[in-house]
Amino acid sequence: HLHVRVEQVKLLDRFSNKSVTGTLHLTATHLIFVESNSTSAQEIWILHHHIASVEKLSLTTSGCPLLIQCRNFRLVHFVIPRERDCHDIYSSLLRLLRPVSYDELYAFSYNPKQNDQQREEGWQLIDLAAEFERMGVPCDQWQLTDVNREYKVCETYPRDLYVPITASKPIIVGSSKFRSKGRFPVLTYFYQEKKAAVCRCSQPLSGFSARCLEDEHMLQAISKANHNSRYIYVMDTRPKLNALANRAAGKGYENEDNYPNIRFQFVGIENIHVMRGSLQKLLEVMGTRSLSMTDYLVGLENSGWLRHIKAIMDAAIFLAKAVTDEGASVLVHCSDGWDRTAQVCALGSLLLDPYYRTIKGFMVLIEKDWISFGHKFADRCDQLDPDPKEVSPIFTQFLECVWQLTEQFPQAFEFSEWFLIQIHEHVHSCQFGNFLGNSQRQREDLQLKERTYSLWAHLLSEKQNYLNPVYSPSFAESHPVLEPSTQAYHFKFWRNMYHQYDRSMHPRQSILKHVYKVFLHLSLHSSEMTHAFLCLCAFPQKLQTFGVSTSPLKPQTPPRERSHPPRPQSLILGAPLLSRKEVQQEEDEEVFGEEAREDAPASTGGERTVEGSSATENGYGELKGSFDSKNEPAVVTLEFGVARMTC
Amino acid sequence: MEFAELIKTPRVDGVVLHRPFMPTVEGTLCLTGHHLILSSRQDNTEELWLLHANIDSIEKRFVGSLGTIIVKCKDLRVIQLDIPGMEECLNIASSIEALSTLDSVSLMYPFFYRPLFEVIEDGWQLFVPEEAFKDLESMVLFYPWNETTLFGLPKEDEEDNIALWSAESAFTVDEAVMMRAAQPLTGTNGRRCKEDEKLINATLCAGKRGYIIDTRTIAVAQQAKTRGGGFEQEANYPQWRRIHKAIERSNVLQDSLIKLVEACNDQSHSMDRWLSKLEASNWQSKVKEILTTACLAAQCIDREGASVLVHGTEGTDSTLQVTSLAQIILDPACRTIRGFEVLIEREWLQAGHPFQQRCAQSAYSNGKPRSEAPVFLLFLDCVWQILRQFPCSFQFNENLLIMFFEHAYASQFGTFLGNCVAERVKLQLSQKTVSLWSWVNRPQELERFLNPLYEPNNLVIWPSVAPQSLLLWEGVFLRWNRSTKCLDEACQEMVHIIEYNKELQNKVNSLRRQLAQLETEDSPLQTP
């Protein structure tokens, strides 16, 4: 049983000279920092699974610095007074953040106080069979095959797969033997309107000249299943050079001469190693203190990050256009068909189908194209016994592409960016079972549905926190297919993701939070109006009951304890979003307790500033140091120093 | 001079207008003394009315006898006119060129414009300097109204000049004042001026300190000495500490704007090219520099309680950017529409920012810039950055800033004509032209500029100046390059939600009041 506690630990701000003092706790699951200042006592909870690296820096006069980098882009810098304590924490963390077996992951000990039935219901929320039914599959051209029921044909695919009705078992099996990891072409999205299919697979083992009749038949079958088009597109999402190199290893890409009626296309998305390096470069630049605008823009360009995001988006747009404009079916693959293929299929489907832009639909999309088709979350997100070469921000890129779309189409999505960020948080947290392991089969072996909880149920229970207030279902009717612009200037740095925890970077007032609050008030107002009307109507007749009927209008202070699991505070939104109840209270205060609510929200230290905005955090210039310690006479001498320097 | 002389072909039929994201319009092109007009003569289509003054440059192209004129406007819009007939096209082009580059101010449109609306509140009478400074403490020593004579001061009288120049008090918070000035004329031999020293030192009580923020680097300030300028020597101004910040001189800005707009108009879709061009334009760096300096000035006042004197060389460009932004950060009044108008009137118009020179050309100017520089646009960009970071703290929205940008460059109103108060008086603008304020402050117009999220607060708003927090002002620089339909609709939806909520809130409150009233009326009955 572990609980280390160290007092007088300093937490340094990443971008300014500010620091706060508090107590550091190390528990079996979290590293917790509690600020000692009683007025603004902030708490920081860091899950061990979120920690990517711990670094002990060389000893300074004030203590021993400990630098912790997290997978959710949080970076904390502690200074621990005694070296021994620092070393204790350091070595315990090293042990804790390298779990060796799945059983050690948080999901297996996390207990949100639900009974078995609730847990099961949580897992039943997303039903992929129902999803394919929604798309109109099975139909006269596509059928469910049981060939992979026992994971015998492809270990990394789900059990239930949809193939053209003309694709017989021998064709499937033959084709699977000609594809990397046995990942033969299967249906992932069906565009009912044009009967066009989006299919996915891995690269063919064609080498320089190998052929496989079954595989050729398979593609024929996909083509024939769509009467609207005589050809299908085969999108190889890799750069051509990479695909060529794979030929030497007996893999490669489809030869148009051998596959009749295909239109072959490279789209040039880089591989996982390039993406990993790119994010690393991006984070390095963004982590620089007193970053200049030039270094920022040059760094953004050199990291290539936005170029990669745009490449993925371009590919998805190509897919969507082929399906809608030409009514053609599309087969997407990369090397193994679980990284770039997942990105392009998922994003393409999102462009094609408004359902995936709703909260529930987005969950279904992730469940289908990422989880069930075997995106290797455990490897890519570094869950267990990591191989650093397997780690890559592929899923993060997908979330970012969706965010870029929400920027262009603010009314198209039911969810706000906070939803995306929250999913990203939990892909790495290992708190829920959904993303554990690398494939459906592995998840079954781990009995996740029996032993862990589903993230989707948790997110749906907090659904109101993730709503986009300007979402308009009628937008989906007028824009069933999204056609984003791919002009470079539409792609922006996603500050709220990569600087999620850097308070000083964010807008000090959030439009989203503001409108969202109003949004919650709206529904309250309408219900309250009905209520008040009823009271008024009932008034002359029911004098006695009057006192009772007004009571709901009075401030309610339910003593009920909130049993939320520790949730990272949303810095983007300034503070955790209010629950309905809290809004209700605030509302009441507005009427009944006006004197209690000053115009100016109470901010820290009696400063005359908007909450969260501070002159000291930003470091505008030479004066910065002096203002941090206002009452010290050093202020003036420092300024003299500056003055001397300038003369 | 008659405008007719410049218009060889006043009318051409069958002209086709191409605008990005809008259907092409075929119609009749008319040239008047001040406008280029294209009308399809159909009821449902919008007519194009373009002020010649808004035209920055034109390009001509010919394919056979079909001529094409590309009109590039100061508000950054680019439109294309296909004109049948080579002669007509050449005539139109030369007329536009002549009419858009008229030298004489008195030929400008504001002198001909008669308002179609009733002037309820005359903008020229709105901001008398005494009024603008009224809320500030009695520290005001001189204000630009008296400077009408100042600009005519003979060169020899430089010392008086300094004293007067240095004495514009602008803004006070708790006894700390913010002032602006031009550089002192110390020269290479370190000339002194007793009056200037007295004046500047007199603004500080005993024991108080002040900061002089020189918007030039120390090297630039040193260089200025060789041209008779310079900076305050510490020994002569004992209570003051000088800080140098590097804000680019105005002449570099024009180049920066040209490059930025070129980058924004690049349709190549390449990410690397876009980012490197954006970086090379240096525009965003300038936004960061100015905001940083303004924050520093505000910090001196708010956190140190110290007085601040801001100056660069002339005190009419970077100085004004810094002082006006610092006030927006510190003073909630400047974040209201009226307050912002007062700020522009006081810190820009009356402070003598040479609008006419600076805004003579915009991003599509071909020639070598003379004194053109987007100093004011850069200031508006900085305001927009703060607005983005504090979306609930401003009474106005982005549209107001864009409107100021447009009118500073080309307008039917006289407000931004001339280069200083003296010139404006000489031009008799207040008698001969309509003020921009007369138009903006009409309730019908104001509505467009109101920020639905506004919730007044009396706080200081410290913006983040990290590059990650500063964005490209798309509303201006990408305005004509993208379709904003989706964004506009979302914005409308937001306004709708907020308004509906207010409406409901009022209803709920009135119902509650009724209930409460009934309750009190009846309570004696319940407890007899």
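How many bridges join strand β11 of chain A to strand β14 of chain A, and do the two strands run parallel or antiparallel? I would like to begin there, and I should say at once that what we are looking at is a predicted model. The answer is that four bridges join β11, which covers residues 196-201, to β14, which covers residues 329-333, and that these two strands of chain A run parallel. If you want one place to look, take A:R200, whose bridge partner in β14(A) is A:V332.

Let us now widen the view to the sheet that holds this pair. Five strands of chain A form an open sheet with mixed pairing, and their order across the sheet is β10-β11-β14-β12-β13. At the edges are β10 (186-191) and β13 (262-266) of chain A, each of which pairs on one side only. On average, and ignoring direction, neighbouring strands of this sheet are turned by 20 degrees against each other. Lying across β11, β12 (232-236), β13 and β14 of chain A, you will find helix α5, residues 213-224 of chain A, which runs at about 125 degrees to β12(A).

As background for chain A as a whole, there are 25 helices and 14 strands, and of its 647 residues 57% are buried. If we take the contacts in chain A with a separation of 6 or more, 70% of them are between residues 24 or more positions apart.

Next, the aromatic rings. A search of the whole structure, over all chains, finds 54 aromatic pairs. One of them is formed by A:F362 and A:F415, a tilted pair with 4.9 Å from centre to centre and 40 degrees between the planes. Because A:F362 lies in helix α11 (residues 359-372) of chain A, while A:F415 lies in the loop between α13 (394-408) and α14 (417-429) of chain A, this pair ties together parts that are 53 residues apart in sequence. Are these two rings buried or exposed? A:F362 has a relative accessibility of 0% and so counts as buried, and A:F415, at 1%, counts as buried too.

Chain B offers another pair of this kind, B:F355 and B:F416, whose ring centres are 4.7 Å apart and whose planes stand at 55 degrees, so that the pair is tilted. Here B:F355 is in helix α13 (residues 355-358) of chain B and B:F416 is in the loop between α15 (398-409) and α16 (421-426) of chain B, so to speak of distant parts of the chain is fair, with the two positions 61 residues apart. Both members are buried, B:F355 at 1% relative accessibility and B:F416 with a relative accessible area of 6%.

Returning to chain A, A:F362 and A:F415 also belong to one aromatic cluster, whose members include A:W370, A:F377, A:W456 and A:Y466. Charged side chains meet rings in this chain as well: the charged end of A:R119 sits over the ring of A:Y453, 5.6 Å from its centre, and A:R134 lies over the face of A:Y356, at 5.3 Å from the ring centre.

Finally, please look at the beginning of chain B. Strand β1 (residues 11-19) and strand β2 (residues 22-31) of chain B run antiparallel and are joined by six bridges, with B:V25 in β2(B) as the bridge partner of B:L17. The two strands form a hairpin with two residues between them, and B:F21 in the turn has a positive phi of about 60 degrees. From β2(B), a hairpin of three residues leads to β3(B), and four bridges join these antiparallel strands.

Conventions:
Residues numbered from 1 in each chain as written. Chains lettered and ligands numbered in written order. Predicted model: local features only at pLDDT ≥ 70, side-chain atom pairs only at ≥ 80, totals over all residues. Heavy atoms only, no water. Pairing = 2+ DSSP bridges. Axes fitted to C-alpha atoms, helices over the stretch in contact; angles between N-to-C directions. Contact = heavy atoms within 4.5 Å. Buried < 20%, exposed > 50% of the residue type's maximum accessible area, 1.4 Å probe, protein only. Phe/Tyr/Trp six-rings, centres within 6.5 Å; stacked < 30°, edge-to-face > 60°. Lys NZ or Arg CZ within 6 Å of the ring centre and 35° of its normal.
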